[in-house]
Amino acid sequence: MSKRKLTNALVNCLSSGDKVFIPYIMAGDGGLDQLKERVLLLQEAGATAIELGIPFSDPVADGPTIQQAGERALKVDATLKNIIAELEGIYQEIHIPLVIMTYYNPLLSYGLSNFAQDCERLGIAGLIVPDVPYEESDILRIALRETDVALVPLVSLTSPKERIVKIVNAGEGFIYAVTVNGITGTREKFNKDLVEHLKSIKELSNIPVMAGFGISSPEQVEEMTSMADGVIVGSAIVEAFHKKDLNKIKILVKASKRKIIS
């Protein structure tokens, strides 16, 4: 029921007149014992789902803020195995969908079959693997085939339309529309072609489209939710937790609320 839980959470949010807000956190940043507190705070603040990052030594898609969070997490032994073990004790208290974001190497080390089974058992709703392109994703699809875990695809600004069509048609859960060329992190401005890019993905997709990368302020949340079904906010959330600025997190979540008049 995990995949359906994700779909229902997104649909229910959108049908209520809100836009989807998916915060990203780095598992183990601040210590694994902080994971429960942070997840439950985001749940209470009104997040639609949570993207849970797995620390990795070579995070090619991540900007400085998330890289540093990953380094802090690795120093306290926040391996994929230990993160899964931590989730064992808290997953029944988590009522919103969890989507794991990891790179391929930790999955190989863990074992794809073992990982898929553990995700199924813990009710993980989705998986994002940014260093596995669509053309090479069959091995992940096969591993997840017997589970109820969605393989969430990323669509870049530079993807040609024919490739976007293939990615979107194979997409599950939601489409992660990358809003910048490059790595994660805060941005002052976005590409002038972004409006048309998001519009074209939405026209092609039968599932919700989330805008992510570079979104760091309430104003940017509002701007992006006017073009997409919701946003994924990473660096700003990670930084706010690190600086213990919990009010900023609540303000960011609130910016996604009631943007459509039903």
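**Exercise 1. Look at strand β9 and work out which of its residues are buried on each side.**

*Solution.* Start with one face of β9, where Gly-230 and Ile-232 are buried. Turn to the other face: Val-231 and Val-233 are buried there, and both sides are thus covered. Buried here stands for under 20% relative accessible area, exposed for over 50%, and partly exposed for what lies in between (1.4 Å probe, protein chains only). This pattern fits a general rule: in a regular strand the side chains alternate between the two faces of the sheet. Strands and helices are DSSP runs numbered from the N terminus (helices H or I, at least four residues; strands E, at least two).

A word on the model before we go on. It is predicted, so local features need pLDDT of at least 70 and side-chain atom pairs pLDDT 80 or more, while totals for chains, interfaces and linings use all residues. Residues are numbered from 1 along each chain as its sequence is written, and side-chain values use heavy atoms, without hydrogens and water.

**Exercise 2. Place β9 in its sheet: what is the strand order, and which strands are at the edges?**

*Solution.* First, write down the order of this open sheet of nine strands, which is β5-β4-β3-β2-β1-β9-β8-β7-β6, with parallel pairing. Two strands count as paired if DSSP finds at least two bridges between them. Next, pick out the edges: β5 (150–151) and β6 (154–155) each pair on one side only.

Now go through some of the pairs.

- β1 and β9 are parallel and share four bridges; in β9, Val-233 is the bridge partner of Pro-23.
- Strand β8 (residues 209–212) runs parallel to β9 and is joined to it by three bridges; in β9, Val-231 is the bridge partner of Ala-211. Between these strands the chain passes through α10, in a right-handed β-α-β crossover. Right-handed is meant in this sense: with the strands pointing away from the viewer, the path from the first strand over the helix to the second runs clockwise.
- Strand β1 (residues 20–26) pairs with strand β2 (residues 50–53) through three bridges, again in the parallel sense; Tyr-24 has Glu-51 as its bridge partner in β2.

**Exercise 3. Find what packs around helix α2 and what lies across β1 and β9.**

*Solution.* Begin with the buried residues of α2: Leu-35, Arg-38, Val-39, Leu-41, Leu-42 and Gln-43. Their cover includes β1, β2, α4, α11 and α12 (246–254), with contact taken as heavy atoms within 4.5 Å. Then follow α11 (residues 235–242), which lies across β1 and β9 and runs at about 55° to β1. For such angles, axes are lines fitted to C-alpha atoms, for helices over the stretch in contact, and the angle runs from 0 to 180 degrees between N-to-C directions. Finally, step just past the end of α2, where Gly-46 has a positive phi of about 110°.

**Exercise 4. Trace three salt bridges and say which parts of the chain each one links.**

*Solution.* The structure holds eight salt bridges, each a side-chain nitrogen of Lys or Arg within 4 Å of a carboxyl oxygen of Asp or Glu.

1. Glu-172 and Lys-3 have their closest N and O atoms 3.2 Å apart. Glu-172 sits in the loop between α8 (161–170) and β7 (175–178) and Lys-3 in helix α1 (residues 2–15), 169 residues apart. Glu-172 is partly exposed at 25% relative accessible area, and Lys-3 is partly exposed at 23%.
2. Lys-36 and Glu-93 come to 3.0 Å between their closest N and O atoms. Lys-36 belongs to helix α2 (residues 35–45) and Glu-93 to the loop between α4 (80–88) and β3 (98–101), so the bridge ties together parts that are 57 residues apart in sequence.
3. Asp-229 and Lys-202 meet at 2.9 Å, N to O. Asp-229 is in the loop between α10 (218–225) and β9 (230–233) and Lys-202 in helix α9 (residues 194–204), so parts 27 residues apart in sequence are tied together. Asp-229 is buried at 12%, whereas Lys-202 is partly exposed at 33%.

**Exercise 5. Which residues does Met-227 touch?**

*Solution.* Locate Met-227 in the loop between α10 and β9, where Met-227 is buried at 15% relative accessible area. Then list its contacts, leaving aside residues up to four places away in sequence: Leu-194, Val-195, Leu-198 and Lys-202.
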